[in-house]
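Here are a few notes to help you find your way around this entry. Keep the structure open beside you as you read.

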Protein chains: 2
Amino acid sequence: MQKPSIPKGTRDFSPVEMMRRNYIFDTVREVFRLYGYAPLETPAMENLSTLLGKYGEEGDKLLFRVLNSGDFAAKVDPTEWGNSLQLASKISEKGLRYDLTVPFARYVVQHQGELSFPFKRYQIQPVWRADRPQKGRYREFYQCDVDVIGSRSLLFEAELIEIVERVFGRLGIRVVLKLNNRKILYGIAETIGHADKMVEITVAIDKLEKVGMDAVREELSERGVTAEAIDKLTPILTLEGSNAEKLDRLQTIIGTSETGLKGIEEMRTIFGYAGSIGTNLDVELDLSLARGLNYYTGAIFEVKALDFAIGSICGGGRYDDLTGIFGMPGMSGVGISFGADRIYDVMTGLDLFPQETGRSTRVMFANLGDEEARVSLRLLRALRDAGIAAEIYPDSGKMKKQMEYANRRGVPYVAIVGSDELSGGYVTLKNMESGTQEPVPFAKLVDRLK
Amino acid sequence: MQKPSIPKGTRDFSPVEMMRRNYIFDTVREVFRLYGYAPLETPAMENLSTLLGKYGEEGDKLLFRVLNSGDFAAKVDPTEWGNSLQLASKISEKGLRYDLTVPFARYVVQHQGELSFPFKRYQIQPVWRADRPQKGRYREFYQCDVDVIGSRSLLFEAELIEIVERVFGRLGIRVVLKLNNRKILYGIAETIGHADKMVEITVAIDKLEKVGMDAVREELSERGVTAEAIDKLTPILTLEGSNAEKLDRLQTIIGTSETGLKGIEEMRTIFGYAGSIGTNLDVELDLSLARGLNYYTGAIFEVKALDFAIGSICGGGRYDDLTGIFGMPGMSGVGISFGADRIYDVMTGLDLFPQETGRSTRVMFANLGDEEARVSLRLLRALRDAGIAAEIYPDSGKMKKQMEYANRRGVPYVAIVGSDELSGGYVTLKNMESGTQEPVPFAKLVDRLK
């Protein structure tokens with residue numbers, strides 16, 4: 001019989017991986033809670049009418065579609081088979097969620113009567129994409145989004161900056177937060193005479209860090225931006241100095257663009273709030289930051305790890321019309337998404353997980369026979385009452401095997417209760433790392449292991 | 001535009017529902033941890049070859065199938081359309097997981113080389129079934145399984161009894177744990193001359209509590225059990241007395257069945273361990289408990305709430321060959337599953353959720369203007385540093401609106417920082433329940449709200 005396997009691009013998460021992932025999720029969850037964000041979950045399956053057309057043509061192709069249940073074939077005429085897309089639309093009405101943003105927008109519109117705005121929620125759930133699997137890209141992966149919707153207040157941008165600082169501070173990852181503003185990008189496009197090419201310009205300059213200025217200039221030229229405009233744009237992208245200096249300099253360049261000025265004003269307010277908060281985070285205005293997603297309309301965020309080479313580990317921005325696609329216009333919001341898989345890789349690479357994260361059990365009782373086991377059961381109960389994770393080896397087999405089991409699982413202590421210990425009322429506690437042994441009276445065991 | 005909706009039988013979980021659900025999941029997770037069980041997650045999609053044939057013919061029909069991605073239709077000849085099942089097999093290779101048991105067995109077989117046995121894991125994830133939705137039955141719901149595999153030790157049955165006691169003790173739900181043993185049921189079937197009708201007998205007597213003895217007798221008769229055998233069976237199912245008395249009495253009745261005797265011996269050992277542990281749980285041998293699933297081979301468990309009428313809220317048992325379906329025979333294990341939805345209903349019905357479970361924020365700062373907000377931001381930071389969930393109303397609008405927002409969200413305190421407070425260095429702290437207000441100096445705010 002062939003060993004069973006799982007679909008390509010999907011993963012099992014082993015206990016050690018799960019404990020580390022939960023360490024990340026518990027950390028972000030606790031920070032979100034401190035800021036008044038509440039948890040939300042939406043179904044894995046959404047109606048295709050909710051999903052289709054929201055991620056572009058390419059996105060539609062990457063949706064996992066779920067076959068209608070029951071006798072779906074009976075309702076279709078085989079002579080009208082059509083191509084895959086046409087056929088799919090006849091035999092499938094549901095798809096797996098592709099991200100958490102569209103389901104969130106759907107939720108807000110569907111439940112608008114029950115919600116208090118601004119509505120602050122976080123959502124940590126898997127999403128599915130029928131992408132070609134490759135290193136670091138999976139067909140099932142968790143997203144971890146935090147958003148507030150129903151307010152234009154820039155206090156929320158400042159709040160997200162502080163959340164970024166607190167999350168990565170707690171995880172021990174040194175980061176820089178790069179900030180920009182889509183209104184500024186529009187102002188730049190307008191100033192160089194290409195307000196019509198806003199999308200092309202953002203797509204091109206988004207690659208600056210990866211491909212360098214020459215390649216960006218070339219791409220802009222290919223996308224129809226004039227040489228004169230490119231010459232105007234180049235120095236803006238490489239402005240140097242403090243955030244305030246960059247904004248001042250920028251104002252002299254794009255000051256004739258009303259939208260651009262508004263963006264500069266927004267950034268001044270956001271940096272001002274961050275100053276009032278007293279954040280220690282490295283926050284940097286990066287005029288080449290663009291972010292591909294076209295629903296962003298104000299501040300945009302991206303977080304990079306300083307000590308590990310990997311793409312951005314967190315990002316997001318302000319959007320003004322996320323719920324418009326479901327017929328509820330004018331709801332402004334802002335949110336960021338934490339990349340759990342990349343954060344996991346950074347923490348593994350930098351050895352940042354606390355040692356105890358991969359462990360569950362603090363002490364294992366060896367099993368030397370039925371009478372000894374029965375006494376151990378009572379001691380185990382007392383340990384667990386005190387919140388100490390403890391277990392007993394299930395069979396009174398060879399001691400060597402029992403010790404190996406504890407070792408392989410990284411259990412730091414083994415408690416031995418044999419006949420001497422039984423009559424003396426103590427356990428012999430073995431430190432599995434140092435190998436030392438000490439007698440601990442039954443009544444003192446809980447305190448010793450606390 | 002029509003309001004968007006979600007597929008029938010699925011649910012959104014609102015913030016309050018999520019906080020309550022997380023309270024349940026966090027409680028079971030913490031108890032599992034105390035006993036050395038480690039978390040595991042498997043993909044939402046499994047290969048259909050893993051799922052098909054594992055849940056009976058009916059189960060196969062209830063699988064949600066995922067359409068192959070790419071140009072799936074191009075690979076199928078429309079003239080060989082066939083019926084729905086045949087067509088599905090051509091255009092779909094993956095399905096959504098139907099339970100957590102089969103993926104667990106698949107995982108153990110696939111990763112056997114990396115695991116230390118006995119392998120103790122818990123798994124809390126959604127499963128999907130294309131069942132007809134009805135009250136209390138959903139197409140997407142969470143299962144919460146805890147299992148140990150790779151040991152025949154009955155210490156694990158005792159451990160699960162203690163886990164049941166601790167979980168429901170922490171949740172505040174009074175329960176009775178009903179126990180039986182499939183070997184005893186086999187012994188009974190053998191004794192009454194119907195070893196061949198073990199399945200029919202268990203299916204019939206499983207309904208005893210629901211339909212009463214007369215209906216069970218009738219069903220047994222319809223299923224081909226002789227009148228004489230039914231007469232022999234009836235008094236066994238209604239044996240009274242303590243667990244020990246029932247077992248003694250049973251031994252005189254089914255003592256000629258080797259398997260039956262083994263079951264009795266197992267139960268004596270399990271009750272003995274439970275006594276050694278000193279459990280306070282109401283544990284009751286119930287000879288009419290059968291549990292439908294045919295992979296159980298030893299002890300079987302079922303937990304009922306004492307103060308709320310609902311089906312079993314937890315159940316499970318010992319199995320000897322779960323991994324045999326994937327070519328790895330002889331792995332005995334035992335596990336139980338907690339019914340999160342029913343536990344939620346019991347706790348809601350009995351008002352058992354702690355009051356703070358539905359809340360996230362402890363204090364909201366009113367917003368009286370930019371200068372006041374900036375000072376508030378620093379106070380907020382100190383509160384969050386101390387682990388206190390706090391937020392600020394995002395706009396300096398009408399006070400009434402701000403208070404209503406805090407009220408609707410169940411925030412217990414509102415902190416007011418106006419010009420008087422600014423110059424005096426204090427906040428006016430309003431208790432939203434009593435309506436009382438008190439001045440609290442900036443430096444004392446954290447301690448006051450801890």
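1. In this predicted model, strand S7 (residues 175-181) of chain B runs parallel to S8(B), and 4 bridges join the two. If you want a spot to look at, find Val176(B), which stands opposite Asp282(B) in S8(B). As background, strands of a sheet pair through backbone hydrogen bonds, either parallel or antiparallel.

2. Now step back to the whole sheet in chain B: it is open, has 8 strands with mixed pairing, and follows the order S1-S5-S6-S11-S10-S9-S7-S8. Strand S1 (38-39) and strand S8 (282-285) of chain B are at the edges with a single partner strand each, so one side of each has no neighbour in the sheet. Helix H5 (residues 101-110) of chain B packs on this sheet, where it touches strands S5 (119-128), S6 (140-149) and S10 (314-319) of that chain. The direction of H5 makes about 135° with that of S5(B).

3. How do the two chains relate? A turn of 180° with a shift of 0.0 Å along the axis lays chain B on chain A, with an RMSD of 0.0 Å. That is the relation of a two-fold axis. Among the residues of chain B, Val66(B) comes closest to this axis, its C-alpha lying at 2.2 Å. The copies meet through the same surface, because 100% of the interface residues of chain B are also interface residues in chain A.

4. Finally, have a look at Asn367(A), in the loop between strand S12 (363-365) and helix H15 (370-385) of chain A. Is Asn367(A) buried or exposed? With a relative accessible area of 5%, Asn367(A) is buried. Its side chain reaches the backbone nitrogen of Gly369(A) at 3.1 Å, and a polar atom of that side chain lies 3.5 Å from the backbone oxygen of Pro394(A). Beyond its neighbours within four places in sequence, the contacts of Asn367(A) include Tyr393(A), Gln402(A) and, from the other chain, Leu155(B).

Technical notes
Residues are numbered from 1 along each chain as its sequence is written. Chains are lettered from A and ligands numbered from 1 in the order in which they are written. This is a predicted model: local features need pLDDT of at least 70, side-chain atom pairs count only at pLDDT 80 or more; totals for chains, interfaces and linings use all residues. Side-chain values use heavy atoms; hydrogens and water are left out. Copies are superposed by least squares on the C-alpha atoms of residues with pLDDT of at least 70 in both. Contact means heavy atoms within 4.5 Å. Buried means under 20% relative accessible area, exposed over 50%, partly exposed in between (1.4 Å probe, protein chains only). A polar contact is a pair of N or O atoms within 3.5 Å; within protein, one must be able to donate a hydrogen and the other to accept it, and residues adjacent in sequence count only if both atoms are side-chain atoms. Two strands pair if DSSP finds at least two bridges between them. Axes are lines fitted to C-alpha atoms, for helices over the stretch in contact, and angles run from 0 to 180 degrees between N-to-C directions.
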